[in-house]
Amino acid sequence: MKHYFLIPILLVTLLLSCSKEDSAEANQELTGVTANQQPTGTSSNHLLSDAVFSSMVVELVYVEGFKPTQTAINNFVNFLEERTYKPNGITVVTRSIVSPGMSSYTTQDIIDLENANRTKYNTEDQIAVWAFFADGQSANNTANGVVLGTAYRNTSFVIYEETLHSYSDSAFEANRDVLETTVITHEFGHILGLTNLGAAMQTNHEDTEHPKHCNDEDCLMYWSAETGSGMENLIGVSTAPQLDSQCIADLQANGGK
Ligand SMILES: [Zn+2]
Ligand SMILES: [Zn+2]
């Protein structure tokens with residue numbers, strides 16, 4: 001039987017990239033494979049506005065048995081429609097793959113899987129997003145916390161769906177739809193440039209203790225880390241946290257709604 005006392009949870013992580021960011025952004029290609037292999041946050045404007053891309057496609061790939069709920073997918077699309085200008089539409093294409101047979105994934109493993117399986121890349125009018133739902137845990141899990149998702153490239157994120165299941169499979173735990181919606185939209189918030197990650201802050205609301213996260217504890221982009229309070233706060237809750245007005249202002253200033 002699974003224990004259900006709370007262990008400290010690291011709700012989400014963000015892979016902070018370094019060094020070549022400036023030159024990569026300056027020379028960023030708009031279309032083709034390399035256009036989708038840039039640092040997290042660098043496609044903020046291209047995702048938010050329709051200046052370059054008038055539509056968006058999300059390639060949602062899951063290991064058999066680890067598909068997110070339709071409610072979570074619908075909530076994700078609603079989140080995108082609420083915040084981005086894509087007059088020619090937002091499409092989600094879902095597909096399963098057989099298990100890669102790994103119980104633990106490093107970020108490099110996740111990148112390798114994306115490279116081997118991704119089929120959608122930016123085209124002239126359409127920006128493409130890769131979302132992968134894994135059947136194993138993150139290799140970055142520690143005794144002090146687990147990783148439920150990571151935004152690791154400008155248009156790519158992974159959800160550690162097996163781990164997420166283990167925190168949402170009983171009445172004493174978070175609702176599955178709510179937990180999936182929370183982690184998916186939080187990761188996508190990073191890809192949209194939050195917080196101080198490509199969408200310039202209009203007010204100073206970055207959490208100094210947890211860089212690239214919002215300091216409003218009710219905001220979707222709040223980092224509810226080591227204490228386990230993040231998971232606790234979702235128990236008995238029927239809707240995922242929303243972006244606060246400061247994060248929305250940052251998105252609006254960079255071309256979003
Ligand atoms: Zn985060
Ligand atoms: Zn916020």
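**Notes on a predicted zinc-bound structure**

1. A good place to start is helix H3, where Ala72, Ile73, Phe76, Val77, Phe79, Leu80 and Arg83 are buried. Those buried residues cover an arc of only 155° around the axis, which puts them on the same side of H3. As you look at this helix, please keep in mind that the model is predicted.

2. What covers that buried side? Several elements do, among them helix H2 (44–48) and helix H8 (245–253). The cover also includes strands S2 (55–63), S3 (90–97) and S8 (156–159), together with helix H6 (176–191). Try picking these elements out one by one in the viewer.

3. You can check the length of H3 yourself. The helix has 14 residues, numbered 70–83, and at 1.5 Å a residue it should span 20 Å. The C-alpha atoms at its two ends are 20 Å apart, so the expectation and the model agree.

4. Now turn to a residue of H3 with a different setting. Asn78 lies in this helix, and it counts as partly exposed because its relative accessibility is 38%, where buried would need a value under 20%. Along the chain, Asn78 and Ile90 are twelve residues apart, and their C-alpha atoms are separated by 9.7 Å.

5. Helix H6 is one of the elements covering H3, and the pair deserves its own point. Two packed helices are described by the angle between their axes and the distance between the axes. Here the axes of H3 and H6 come within 9 Å and cross at roughly 35°. The crossing of H3 past H6 is right-handed. On the H3 side, the contact is made by Thr71, Ala72, Asn75, Phe76, Phe79 and Leu80. The H6 side brings Asp177, Glu180, Thr181, Ile184, Thr185 and Phe188. Ala72, Phe76, Phe79 and Leu80 may look familiar, being among the buried residues of H3.

6. Next comes the metal. Which protein atoms are the donors of the zinc ion (ligand 1)? They are the NE2 atoms of His186, His190 and His213, lying 2.0 to 2.1 Å from the ion. Along the chain, these donors follow the spacing H-x3-H-x22-H. The pair His190 and His213 links distant parts of the chain: His190 sits in helix H6, while His213 sits in the loop between H6 and helix H7 (229–234), 23 residues away.

7. Are these two histidines buried or exposed? His190 has 0% relative accessibility, so it counts as buried. His213, at 2%, counts as buried too.

8. The loop between H6 and H7 has some backbone details worth a look. Most residues other than glycine have a negative phi, and most peptide bonds are trans. The peptide bond from Leu194 to Thr195 is cis, however, with omega near -10°, and Thr195 lies in this loop. Asn196, in the same loop as well, has a positive phi of about 60° although it is not a glycine. With a relative accessible area of 30%, Asn196 is partly exposed. Lys212 is also found in the loop between H6 and H7, and its phi is near 70°, again a positive value in a residue other than glycine.

9. Another histidine to visit is His165, in helix H5 (residues 161–166). Its relative accessible area is 17%, so His165 is buried, the cut-off being under 20%. Leaving aside neighbours within four places in sequence, His165 is in contact with Gly65, Phe66, Arg176 and Glu180. You have already met Glu180, which takes part in the contact between H3 and H6.

10. Strand S3 holds Thr91, which is partly exposed, with a relative accessible area of 38%. Once neighbours within four places in sequence are set aside, Thr91 is in contact with Met56, Val57 and Val58. Thr91 and Ser55 are 36 residues apart in sequence, and 8.2 Å separate their C-alpha atoms in space.

11. Finally, step back to the whole protein. Its secondary structure comes to eight helices and eight strands. Of its 257 residues, 53% count as buried. Among contacts between residues at least 6 apart in sequence, 75% join residues at least 24 apart.

Key: Residues numbered from 1 in each chain as written. Chains lettered and ligands numbered in written order. Predicted model: local features only at pLDDT ≥ 70, side-chain atom pairs only at ≥ 80, totals over all residues. Heavy atoms only, no water. Helix = DSSP H or I, 4+ residues; strand = E, 2+ residues; numbered from the N terminus. Expected span 1.5 Å × (residues − 1). Buried < 20%, exposed > 50% of the residue type's maximum accessible area, 1.4 Å probe, protein only. Arc of directions from axis to C-beta. Contact = heavy atoms within 4.5 Å. Donors = N, O, S within 2.8 Å, 3.2 Å for Na, K, Ca; no water. Axes fitted to C-alpha atoms, helices over the stretch in contact; angles between N-to-C directions. Left-handed = near helix turned anticlockwise from the far one by under 90°.
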